[in-house]
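Visitor: I'm new to this one. Can you walk me through it while I look?

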Amino acid sequence: MHTFKGYRMVDMLNYGNTAQKHIDTVKRQSTDMNTVLGVYLSMVNRPCPLPPPPPNGGTDTILELNELIERQTSSTDEERSYAVRMDILRNHYEMWAREATRITRQKYDYDFFNGIVECIDGYLNYMKIKYDRPRPYQLAPVMGKRVDMLIKEPGTASYPSGHAMDAWTFAMILSRRHPSCEGELYAIADRVCDSRMVGGVHFRSDTKAGRMLAESALHIIQDYRLLKDIL
């Protein structure tokens with residue numbers, strides 16, 4: 001686990017531990033016009049889809065850290081178990097396949113959701129590398145606090161949340177296919193976002209940014225006719 005020691009220059013601290021496979025994904029997709037990142041980087045005067053995260057030592061981050069700790073303290077055994085299960089991407093996508101099939105009464109499988117992620121994951125990791133925000137469990141000791149790490153080292157920076165981006169992209173795409181099911185689908189996305197706080201790996205602003213990035217990715221998918229067999 002990559003951690004910090006000392007209190008100096010807290011706003012200069014970053015995650016600093018991105019796994020090579022995520023860097024390789026960004027490199028590979030940066031010129032692939034069948035992916036959201038490839039399209040995004042080809043845009044002239046491309047818009048920035050996200051504001052920067054709150055400063056590490058700012059009041060907003062301290063409040064978010066306190067909120068996360070309170071959420072962990074109040075979490076149930078079932079919520080903690082759910083957070084651990086959903087951390088594994090295959091479990092996450094298979095959960096969506098089961099729930100989407102149940103809710104919409106139309107068959108969905110793992111490959112449907114994995115195909116969406118293959119189109120958007122370079123965009124996500126590009127933003128993670130750009131902002132390189134520390135994870136809550138990295139900042140907590142610097143602030144004299146403790147966050148319980150329920151899952152393994154993620155290998156990516158905190159902002160934005162990848163699970164949140166995936167969940168909201170799934171929910172929004174499914175809602176366009178099944179408008180009457182939007183409420184139930186959005187509730188699943190909300191639960192996934194909450195599980196990332198319970199797991200100790202994300203601030204609330206990370207999951208909010210994940211939703212914002214999902215909205216941006218969906219606009220690109222629609223405008224440039226990506227994933228034509230899905231939308």
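Guide: Start with the second largest pocket, whose lining is made up of Asp11, Leu13, Asn14, Pro52, Pro53, Pro54, Pro55, Asn56, Tyr131, Asp132, Arg133 and Pro134. Keep in mind that this is a predicted model.

Visitor: How much space lies in that second largest pocket?

Guide: About 150 Å³. By class, its lining has seven nonpolar, two polar and three charged residues.

Visitor: Asp132 is in that list. Where is the place of Asp132?

Guide: Asp132 sits in the loop between H6 and H7. Asp132 has a positive phi of about 45 degrees, although it is not a glycine.

Visitor: Buried or exposed, at that relative accessibility?

Guide: Asp132 counts as buried, because its relative accessibility is 15% and the cut-off for buried is under 20%.

Visitor: What about Leu227, what's its phi?

Guide: Phi of Leu227 is near 50 degrees, again a positive value in a residue other than glycine. Leu227 belongs to the segment after H10, and at 16% relative accessibility it counts as buried.

Visitor: While we're on the backbone, which residues does a cis peptide bond join?

Guide: Tyr159 and Pro160, with omega at about -5 degrees. Pro160 is in the loop between helix H7 (136-142) and H8.

Visitor: Back to pockets. What volume does the largest pocket have?

Guide: The largest pocket has a volume of about 630 Å³. Its lining comprises 27 residues, and those nearest its centre are Lys21, His22, Leu89, Pro154 and Thr156.

Visitor: Which helices supply at least two residues of that lining?

Guide: Helix H1 (20-29), helix H5 (89-104), helix H6 (110-131) and helix H8 (162-177) each do. H6 gives the most, with eight residues.

Visitor: And how do the residues of that lining divide?

Guide: Into seven nonpolar, eight polar and 12 charged.

Visitor: You mentioned His22 near the centre. What is His22 in contact with, leaving aside its neighbours within four places in sequence?

Guide: Asn125, Pro154, Gly155 and Thr156. Pro154 and Thr156 are also among the residues nearest the centre of the largest pocket. His22 lies in helix H1 and counts as buried, at 16% relative accessibility.

Visitor: Change of topic. How many disulfides does the count come to?

Guide: Zero.

Visitor: Why is there no bond for Cys119?

Guide: The closest cysteine sulfur to that of Cys119 is in Cys48, 19 Å away, which is too far for a bond. A disulfide needs the two sulfur atoms within 2.5 Å.

Visitor: And why none for Cys181?

Guide: The closest cysteine sulfur to that of Cys181 is in Cys193, and at 19 Å it is too far for a bond. As for burial, Cys181 counts as buried at 9% relative accessibility, and Cys119 counts as buried at 5%.

Visitor: What about the nonpolar core, which residues touch the most other members?

Guide: In the largest nonpolar core, which has 54 residues, they are Val36, Trp96, Phe113 and Tyr123. Helix H2 (36-42), helix H4 (77-87), H5, H6, H8, helix H9 (182-198) and helix H10 (204-223) each give two or more residues to this core. The largest share, 11 residues, comes from H6.

Visitor: Why would nonpolar side chains be buried together?

Guide: In soluble globular proteins, that is what they tend to do.

Visitor: Take Val36, then. What does it contact outside its neighbours within four places in sequence?

Guide: Val36 is in contact with Cys119, Ile120, Tyr123, Ala217, Ile220, Ile221 and Leu226. Apart from the largest core lies another, of 14 residues, among them Val147, Ile151, Ala157 and Met197.

Visitor: One last residue, Val117. Where does it lie?

Guide: Val117 lies in helix H6 and is buried, with a relative accessible area of 8%. Leaving aside neighbours within four places in sequence, it is in contact with Tyr93, Asp166 and Phe170.

Visitor: And how many residues apart in sequence are Val117 and Gln222?

Guide: Val117 and Gln222 are 105 residues apart in sequence, and their C-alpha atoms are 15 Å apart in space.

How values were computed:
Residues numbered from 1 in each chain as written. Predicted model: local features only at pLDDT ≥ 70, side-chain atom pairs only at ≥ 80, totals over all residues. Heavy atoms only, no water. 1 Å grid on protein atoms, 1.4 Å probe; cavity = no way out; pocket = protein on both sides within 12 Å on 5 of 7 lines; lining within 4 Å. Points joined across faces, edges and corners; volume = space filled by probe spheres on them. Helix = DSSP H or I, 4+ residues; strand = E, 2+ residues; numbered from the N terminus. Nonpolar A, V, L, I, M, F, W, Y, C, P; charged D, E, K, R; others polar. Buried < 20%, exposed > 50% of the residue type's maximum accessible area, 1.4 Å probe, protein only. Core = buried A, V, L, I, M, F, W, Y, C linked by side-chain atoms within 4.5 Å. Contact = heavy atoms within 4.5 Å.
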